[in-house]
Structures are given as C-alpha cells and as structure tokens.
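Hi,

Here is the structure I promised to pass on, with my notes underneath. Have a look at it first, then read on.

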Amino acid sequence: AQNQELTEELESEQSARARSEKQRAELELRIQELTQRLHAAGGQSSSQAELTKRQEAECQRLRRELEECRLCQEKLVAELQRKQLSAVGDLEEQIERLQYIRQNLEKEKKAMKTNLDVMTSSIDQLSRAKVRELSELRVRIV
C-alpha cells in the first residue's frame, strides 16, 4: 500500500514536473519574445519606451515566477525522495521481521515433525507389543 502510494506520488510529481517544464519552456519563449521586442524598440518614441519598461517588468515577473516554480519543484522532489527512503526502510524492516518469524516457524515445524515421528514410532511399537500380547494370550487360551 505504501509502495503504491509512493508510486502514485511519484507519478504525480512527474506529471507536475512535466507541467512545470512545459510552463518553463513557455515562459522562456515569452521572455525571448519580449527581449526581442525590447531590442527592436530601442530607439523609438517615449510611448514606446514606456511599453518597453512594462515589457521589462513583465520579463522580470516571469523570471521570478519561473524561479519560484523551480524551487517548489525541488522541494517536492526532495520530499518525495525522503518519503520513498522512509518507506523503503520500513519495508526492509518488515522483511527482516518476517524472515525472522519464518525461521522460527520452520524450527517449530521441524521440532513438531520430530515429535510426530517419535510418537508414530512409539504408537507402532505399542501396537506391535499389543499384537504380541494378544497372540500370546490366544496361545495360552488354546
């Protein structure tokens, strides 16, 4: 169950990473477009200079958003790795406990089989002794 949960979280993180990378690529493309516009508008009128300032501000905002997305993604990856390591450790402990229990059960099974063999042997001996006694009794009676 933990493994499935971690797998689902990993898939979720991978899809989030893919979306983030797509957004990043789109933002980088947008930044390039705005930068090109900025260079093209270099020697234009004051209204165009104002537009250029707004575009520069937009570029800065997009860069900040991109950096925030990257940081969030890194935090998510680190958290998922921590959870996975914890889950793997828990599963390893469970495996060790189960192996220990299995060994003990096998020892008990072997001891019970030995006891069963001893009891079967004793029953066989008692049955043979009883048959002998009955035979001897019949011989005495006859």
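Let me start with Glu-74, which is partly exposed at a relative accessible area of 44%. Keep in mind throughout that this is a predicted model. Glu-74 pairs up with Arg-70 in a salt bridge, and their closest N and O atoms are 2.3 Å apart. Both residues sit in helix 2, 4 residues apart, which is about one turn of the helix. Arg-70 also counts as partly exposed, in its case at 33% relative accessibility. While we are on salt bridges, there is also a network: Glu-21, Arg-24 and Glu-28 are joined into one by bridges that share partners.

A similar story can be told further back in the chain. Glu-58 and Arg-61 both belong to helix 2 and lie 3 residues apart, again about one turn of the helix. Their side chains meet in a salt bridge, with 2.5 Å from N to O. As for cover, Glu-58 is partly exposed at 24% relative accessibility, and Arg-61 is partly exposed at 31%.

The search of the whole structure turned up 11 salt bridges. One that I would point you to is Lys-83 with Glu-9, where the closest N and O atoms are 3.5 Å apart. This pair links distant parts of the chain, with Lys-83 in helix 2, Glu-9 in helix 1 (residues 2-40), and their positions 74 residues apart in sequence. Is each partner buried or exposed, or somewhere in between? Lys-83 has 33% relative accessibility and counts as partly exposed. Glu-9 counts as buried because its relative accessibility is 19%, and the cut-off for buried is under 20%.

Now for two buried residues in helix 2. Gln-73 is found in that helix, which covers residues 46-141. Gln-73 is buried, with a relative accessible area of 14%. Which residues does Gln-73 touch, not counting those up to four places away in sequence? They are Arg-17, Ser-20 and Glu-21. You will recognise Glu-21 from the salt-bridge network with Arg-24 and Glu-28.

Cys-59 is the other one, and it too is found in helix 2. Its relative accessible area is 6%, so Cys-59 is buried. Leaving aside neighbours within four places in sequence, Cys-59 is in contact with Ile-31, Leu-34 and Thr-35. There is also a distance to note for Cys-59: its C-alpha atom is separated by 53 Å from that of Ile-95, with the two positions 36 residues apart along the chain.

For a contrast, try Leu-98, which lies in helix 2 as well. Leu-98 is exposed, with a relative accessible area of 57%. To come back to where I began, Leu-98 and Glu-74 are 24 residues apart in sequence, and from C-alpha to C-alpha they are 36 Å apart in space.

Stepping back to the chain as a whole, it has 2 helices and 0 strands. Why is the chain described as more spread out than a compact globule? Its radius of gyration is 40 Å, well over the 14 Å that the globule rule gives for 142 residues, so the description follows from that. The C-alpha atoms fill a box of roughly 140 × 20 × 15 Å, taken along the principal axes.

A few totals to finish the picture. Buried residues make up 12% of the 142 residues, Gln-73 and Cys-59 among them. The accessible surface comes to about 12000 Å², and 54% of that belongs to carbon and sulfur atoms. If you take contacts between residues at least 6 apart in sequence, 82% of them join residues at least 24 apart. On charge, the chain has 26 positive and 27 negative charges, and the mean positions of the two sets are 5 Å apart.

If you only have a minute, open the Lys-83 and Glu-9 salt bridge and then the surroundings of Cys-59, meaning Ile-31, Leu-34 and Thr-35.

Over to you.

Cheers

Technical notes: Residues numbered from 1 in each chain as written. Predicted model: local features only at pLDDT ≥ 70, side-chain atom pairs only at ≥ 80, totals over all residues. Heavy atoms only, no water. Rg over C-alpha atoms; globule rule 2.2 N^0.38 Å. Buried < 20%, exposed > 50% of the residue type's maximum accessible area, 1.4 Å probe, protein only. Contact = heavy atoms within 4.5 Å. Areas by Shrake-Rupley, 256 points an atom, 1.4 Å probe, with all protein chains shown as cover. Lys, Arg positive; Asp, Glu negative; His and termini not counted. Charge placed at Lys NZ, Arg CZ, Asp CG, Glu CD. Salt bridge = Lys/Arg side-chain N within 4 Å of Asp/Glu carboxyl O.
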